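Colleague: I am new to reading protein models and would like a close look at a single part of this one. Could you pick the small open sheet and walk me through it, then show me how the rest of the protein is built around it?

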Amino acid sequence: MDGRRWSDLPADVLREISSHVCAAVDFVYFHAVCKPWRSSRDPLSKRTITTQFLPWLLAAADKESTNLRFRCIFSESSYHGKPPMPLAAAARNWVSNADGTEVRYLTVEDLRPTLHDPFTGEFSHLPDFPEDVRGWEEENPRGVIYSDMTIFLCSIRYHNDDDHRARFRAALLRPGSDKWTVIERTLQAPSGTKNFIPRYGEFCAAYHSGKIMLTVKATLWHMIRSEGGHEAGGDLLVKMPPLPRWTSEYYSRKYSYVLESRGELLWASVKIDICSDWHGVVTHELSMTVYVLQVEASAQEMKTRWVEKDVRSMADRLLFLGTPCSFAVDASRLGRHGGCAYFVYCRKPCDKVGVFSYNLLSDKATFFERLPQGWNDERCTWHVLQPTVSPIQLLEQDINFTIGST
């Protein structure tokens with residue numbers, strides 16, 4: 001350093017160092033060291049072009065929740081924060097940006113939906129729902145806000161009957177519109193035993209290229225037109241690839257996640273084979289397959305099918321799989337090796353909730369970490385925090401104003 005102080009580092013060097021700080025907390029600490037380091041900050045809008053912060057897990061909230069609970073699995077740090085306003089009972093109804101950079105929770109009062117920012121307390125009213133979806137909030141709709149600002153909300157409700165049916169309901173609010181488009185379908189739900197148990201992990205829905213991709217069981221996908229209504233006349237069944245046969249002597253669980261990455265729609269199918277040996281020891285064998293949606297359109301018809309993705313093309317990406325949305329990140333932007341997917345799995349009946357990583361290249365699942373006590377729900381949301389660093393001049397103005405007011 002030739003006797004120079006750390007605070008004398010050139011601004012371009014400080015910005016280069018800062019661009020490699022991928023942990024949001026460390027980013028804030030970095031710019032709190034001294035005035036020169038704070039003044040050299042790289043504006044967030046430009047910074048995201050070259051790097052990105054590590055995603056955190058946001059715990060699913062319930063009616064008893066009073067705090068926001070976060071977990072950074074890469075630093076093994078937990079954070080608790082009290083929101084600026086009490087979380088409503090519907091706080092578990094998260095609405096997330098497709099890239100995970102923003103998250104809101106949805107409340108509905110007399111057909112009037114509102115999105116709330118759990119960090120700042122700010123809220124935005126959305127156009128009223130139509131009368132025919134009154135009471136929809138009881139089904140806990142959640143959703144995604146896509147890059148073109150289309151808002152997609154959806155829910156699934158399983159019928160308690162012998163037909164194993166499920167009612168899917170979605171509402172679309174397109175950019176510039178003040179009216180919701182409501183879509184409803186009654187579909188065959190997965191069944192395997194006489195006593196039907198809904199498998200919420202198999203339910204997955206997304207809005208893509210003007211259509212809704214939907215599955216309530218991992219062996220059958222629907223492409224639903226988004227013009228609204230209850231009729232399924234224009235819907236398409238998506239051709240499925242050959243799926244592996246289950247060899248479990250006990251039972252199996254399946255989870256579906258869908259996401260967009262580099263212009264493609266991907267489906268990550270997680271399979272858990274749960275087996276028991278002669279001594280009653282239960283083992284959980286995890287496997288994952290990633291598929292890409294292929295669409296072939298002609299003058300006569302449109303053919304769609306899921307095709308298994310070449311995992312070698314995923315070597316530079318990381319997948320974060322959760323609810324209500326999943327997303328992919330270039331591994332180089334996080335300073336980590338690619339070809340991996342992260343997801344939360346609740347090991348029942350002991351209700352041990354943990355994060356697993358799956359190496360797509362070696363086809364191997366690894367237990368990453370068990371989540372702290374109180375994280376007892378798989379419906380966690382991956383959230384990429386976007387910390388802001390106020391200019392030093394603004395802080396000095398605030399300080400002078402406070403001193404002058406005393």
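Modeller: Happy to! Let us begin with the whole. This is a predicted model, and the protein has 406 residues, with 49% of them buried. Along the chain there are 5 helices and 25 strands.

Now to the sheet you asked about. Its 4 strands are arranged in the order S3-S2-S1-S25, they pair in an antiparallel way, and the sheet is open. Because strand S3 (77-81) and strand S25 (381-383) stand at the edges with a single partner strand each, one side of each has no neighbour in the sheet. Neighbouring strands here are turned against each other by 30° on average, ignoring direction.

Look next at the S1 end of the order. Strand S1, covering residues 56-58, runs antiparallel to S25, and 3 bridges join the two. To find one of these pairings on your screen, select leucine 57: its bridge partner in S25 is tryptophan 382.

At the other edge, serine 77 makes a good landmark, as it belongs to strand S3. The side chain of serine 77 has a polar contact of 3.1 Å with the side chain of serine 75. Setting aside neighbours within four places in sequence, serine 77 also contacts Phe70, Arg71 and Cys72. Then try proline 372: its C-alpha lies 10.0 Å from that of serine 77, although the two residues are 295 apart in sequence. For the protein as a whole, taking contacts between residues at least 6 apart in sequence, 51% link residues at least 24 apart.

Finally, let us step away from the sheet and look at the interior. In soluble globular proteins, nonpolar side chains tend to be buried together. In this model, the largest nonpolar core contains 70 residues, and Phe152, Phe168 and Trp306 have the most contacts inside it. Phenylalanine 168 is worth a closer look: leaving out residues up to four places away in sequence, its contacts include Phe152, Ile156, Ile183, Phe203, Leu214 and Ile224. Glu184 and Arg185 are also among the residues that phenylalanine 168 touches. A second core, separate from this one, has 21 residues, among them Ala268, Val270, Ala341 and Leu360.

As for the outside, the protein exposes about 21400 Å², and carbon and sulfur atoms supply 50% of that area.

How values were computed. Residues are numbered from 1 along each chain as its sequence is written. This is a predicted model: local features need pLDDT of at least 70, side-chain atom pairs count only at pLDDT 80 or more; totals for chains, interfaces and linings use all residues. Side-chain values use heavy atoms; hydrogens and water are left out. A nonpolar core is a set of buried Ala, Val, Leu, Ile, Met, Phe, Trp, Tyr and Cys residues joined through side-chain atoms within 4.5 Å. Buried means under 20% relative accessible area, exposed over 50%, partly exposed in between (1.4 Å probe, protein chains only). Contact means heavy atoms within 4.5 Å. Accessible areas come from the Shrake-Rupley method with a 1.4 Å probe; for residues, only the protein chains shown count as cover. Two strands pair if DSSP finds at least two bridges between them. Axes are lines fitted to C-alpha atoms, for helices over the stretch in contact, and angles run from 0 to 180 degrees between N-to-C directions. A polar contact is a pair of N or O atoms within 3.5 Å; within protein, one must be able to donate a hydrogen and the other to accept it, and residues adjacent in sequence count only if both atoms are side-chain atoms.
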